[in-house]
Every structure is written in C-alpha cells, then in structure tokens.
Amino acid sequence: MTTFTPYPAIVFDLDGTLLDTWPSLLAAVHAVAPAGAPGLDPAALRRALNLGIGPMFDLAATQIAGREDAARPALLAAMSRHYDDHTLVTATPYAGAGALLAGLRAAGHTLALCTNRNRASTLLLLAHQGWRTHFSHIHCLDDGLPAKPDSAPLLATLERLGHCAEEALFVGDSLVDARCALAACVDFAAHRGGYHAQTGDLTPAVFTYDHAGDLTRWIASQSARILEKEDD
C-alpha cells in the first residue's frame, strides 16, 4: 500500500486566519480618533477588513474626517504609526492555531504564508508567536507582486515551494483570499471566524471551519479517504 499526503503544500493567510488582529487595529483607530468621534462605525470597519488593513484604515480616516478633508493623510499616517509602535504585537492567535501549524508540519506538509501585510510587521508577528520556523516561504505585500486577490502571489509562493496548484491548499478567511484561490485554481479552506463580510465571500471553499482542530482532522481525513480507495 502506498502512502499519500493530501495537499503536500499548504499556504496560509495571516490576519483573520491564524491571528485575530482586529482588536489591535481598532485600538490604533481609537487612539487617533478625536474623543467621541460621531462618525466612527466599528461594525463597518470590521467589514472593510475583509478587503485588507489598508481599506480598513482608509475607511476609518473617512469616518473621522470626511472624504474630502485634508486631514485624512495625516490620520492614516498616525493610525499606522500607532499600530506599528503600540498595538501590533497585541494580536492573539485563534484557538489551536499554533498546534495546527506544528501538527501539519510534523505530518510532512510544507507550509507557507501569503499575506497582504508588509514584511516588517509580518515577521514581528510571527516572531512574537514563535511561528517563523513553521514556514518554508513567506510572501508579503511589499515583495513586488500584485496584492491578493490577484493570483500572482499565491502562484509565486507555490513555485518557490516546488508544488503545482493541484497539490496545494490555500487557507484564508476573506473575499480576497477566496478570489485569489479561485484565480490560481487552488483548493480553498475557509476560516469562518475571520473577517469575511458575508458567508458568500468564502465561496467556493472545499472546507469551512470554526476551530483549527477541525481543519487538522479534515486534512487527515483526505489522506484516509485516498488510502481507502487504493485498497479497494
């Protein structure tokens, strides 16, 4: 009987998939916003995070200052600066995320990260969690390719790993991630506890999960299913 490892390459998104960064980002907005800013709408900001940190901060600046206000660039810069200097590493892992990474790596999967976050903050977050060694490759927003949902960063990541799209699983949480996977013809697993604005944002997904342990078990079940077919 031959052995089989489903998805030898597994690529993860970071924000909303492995780390809950929303509270740390909102804290930066509140630190910069004038006291009692009437237009600040956290629910809308969280929905905007479905498209990334940049769109979320941009909407926050608009809510605070108005679309045409000349203060918007300064607000954006202040939010980013406060976030980097004070709240970045307060992000917390989703339950079981560390065990998920360690378990998949121990099982023989090659792991990578593909994020629309810049490299400096990505590496700081990974170092803070002790996760850096889990990933064979890390692709970030400032690596010279179009951002997700363009397929280029995911396909470049797989090329670096030496695997084709058919051998890979992309794990994310948002509309951006789902569209990136679809464009790259890579199977998509969706974390329902992340930052998607509505359920349809995660379509099409081969698997959706709430807890990291559910994803671990599902990946293992794919191996068992293939082995059963080989035995028939």
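These legends go with close-up views of how the two domains of a predicted model meet.

Residues count from 1 along each chain as its sequence is written. Local features need pLDDT of at least 70, side-chain atom pairs count only at pLDDT 80 or more, totals for chains, interfaces and linings use all residues, and side-chain values rest on heavy atoms, with hydrogens and water left out.

**View 1. The two domains.** Domain 1 takes in 9-18 + 94-231, and domain 2 runs over 21-90. Those bounds come from an automatic or database domain assignment. Measured out over C-alpha atoms, the domain centres sit 26 Å apart. Domain 1 brings 15 residues to the contact and domain 2 brings eleven, where contact means heavy atoms within 4.5 Å.

**View 2. What gets covered up.** Together the domains bury about 1,100 Å², with 58% of that from carbon and sulfur atoms. Buried area here is the accessible area (1.4 Å probe) that two parts lose on being put together, summed over both. On the domain 1 side, look for Arg 117, Leu 125 and Tyr 195: they lose the most area to domain 2, together 45% of what that side buries.

**View 3. Polar links across the interface.** You'll find zero salt bridges between the domains (a side-chain nitrogen of Lys or Arg within 4 Å of a carboxyl oxygen of Asp or Glu). Eight residue pairs, both at pLDDT 80 or more, are in polar contact across the interface. A polar contact pairs N or O atoms within 3.5 Å; within protein, one must be able to donate a hydrogen and the other to accept it, and residues adjacent in sequence count only if both atoms are side-chain atoms.

**View 4. Helix H6 on the domain 1 side.** H6 (119-129) and H8 (175-184) each supply at least two residues to the side touching domain 2, and H6 gives the most, with four. Helices are DSSP runs (H or I, at least four residues), numbered from the N terminus.
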